[in-house]
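Reader: I am new to this structure and would like a close look at a single part of it. Could you take me through the aromatic rings and then the surroundings that you think help to place them?

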Amino acid sequence: MPCLCNRLQSAQKKTTGTEHMADVALTGIHKSFGSTEVLKGVDLNIADGEFVVFVGPSGCGKSTLLRVIAGLEDADAGEVSIGGRVVNALSPSDRGVAMVFQSYALYPHMSVRQNMAFGLTLAKTDKAEVVRRVLAAAETLNIVDYLDRKPKALSGGQRQRVAIGRAIVREPEVFLFDEPLSNLDAALRVRMRYEFAGLHERLKTTMIYVTHDQVEAMTLADRIVVLNGGVIEQVGAPMELYEHPRTRFVAEFIGSPKMNLIPAEVVEASTTGAVVRTAAGETVHVGVDAASAKPGQSVMLGVRPEHLTLSGPGDAIAAKAAFVETLGNATYAYVAVAGSAETLTVQLPGDVRPTVGEALTLHIDPARAHLFNDGGAAFRRRVL
């Protein structure tokens, strides 16, 4: 398995005398399509060898940003730097990147071997070198036995491996992936997430990955970039975003099921915590630095489904089960609370099964609660 990584490093050293550095720096990136501004001044630094995932809802600009890095779209303003060199004026083939798309885009009349070698053949690469690179990539991706098959004889996962192999043989400084697992079924996506993680571990190459699936982001990324409306909401390690979202948008987007939000108003506020009152008149302590909050201020109390409990530390709120899903390992209860237009989601152990209409008392641990002001900004949590 490690053979490709060693060969890649050896080839790079032969070419330059040193290992390539593949950090990516984006400065003030703007991009519009007609009157629609898609990217609104994006600044981002990605370290050499890092696995960074862009996430966000449809239309947030994540794929456009990836295409700007690749050179498939020109930035209207700003600078793209790869490995310390500004690449804005360079064509995609000269940027040292390789891109894998949602569509495999394999040539149906060519074998796997020919598909993987096609770009190198066009570049008039030495035939022996083409054979070496194709075989090395095939070994890494476990597709040696399929080299002489046509794409129609492969499964979806095997086709995706071929598309990745076609990128690997180029020995790029940066890999770019645009929703590469979207066309696969759920079980195969899980398997391919594992393979992507293993590929990065073996190649140690900078990888930038776009997805709308926050589960993919949480399981693959060294750092996640959350985009919203053409701007970066937050950048951080997966658990940093999960535990310390800076905005209500990030809090709702990261985590599955999404965070519950309960309208409330501030009763007391200080650097050591806050007390808020729900519409039903229940008071809840929250472990945040709320020095900037004022009594009477409208806020949103946030708590994740897995942090609402039927017993334990913290204040309690009354709820009524409206719908219950029993999944075996877990039970999801969708409950109604006074003053909230939306039902809350409660994740319970699989052997706990409330009945529809049952009255529940939900406990909120101050250490697990979040608080957001009316502008959507989070108050900094003091404890985990």
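Author: What follows deals with the aromatic rings, and after them with one helix, one loop residue and one cavity.

This is a predicted model, in which local features need pLDDT of at least 70 and side-chain atom pairs count only at pLDDT 80 or more, while totals for chains, interfaces and linings use all residues. Residues are numbered from 1 along each chain as its sequence is written, and side-chain values use heavy atoms, with hydrogens and water left out.

A search of the whole structure finds eight aromatic pairs, where rings of Phe, Tyr and Trp (its six-membered ring) pair if their centres lie within 6.5 Å, and planes under 30 degrees apart count as stacked, over 60 as edge-to-face and the rest as tilted. The rings of Phe177 and Phe196 have their centres 5.0 Å apart and their planes at 80 degrees, so this pair is edge-to-face. Because Phe177 lies in strand 7 (residues 174–178) and Phe196 in helix 6 (residues 186–203), the pair ties together parts that are 19 residues apart in sequence; helices (H or I, at least four residues) and strands (E, at least two) are DSSP runs, numbered from the N terminus.

Phe177 counts as buried, at 0% relative accessibility, and Phe196 counts as buried at 1%, where buried means under 20% relative accessible area, exposed over 50%, and partly exposed in between (1.4 Å probe, protein chains only). Phe177 and Phe196 also belong to one aromatic cluster, which is formed with Phe51, Phe175 and Tyr209.

Turning to the helix, helix 5 (residues 156–168) has 13 residues and reaches 18 Å from its first C-alpha to its last, close to the 18 Å expected at 1.5 Å a residue, the expected span being 1.5 Å times one less than the number of residues. Helix 5 is mostly covered, since 10 of its 13 residues are buried, among them Gln158, Arg161, Val162 and Ile164.

Lys152, by contrast, is found in the loop between helix 4 (127–140) and helix 5, and with a relative accessible area of 76% Lys152 is exposed. Lys152 and Tyr107 are 45 residues apart in sequence and 9.9 Å apart in space, C-alpha to C-alpha.

As for the cavity, its lining is made up of Ile262, Thr278, Ala280, Glu282, Ile317, Val337 and Ala338.

Technical notes: On a 1 Å grid over the protein atoms alone, a cavity is a set of points where a 1.4 Å probe fits but cannot get out, and a pocket is an open set with protein on both sides within 12 Å along at least five of seven lines; lining residues have an atom within 4 Å of a point.
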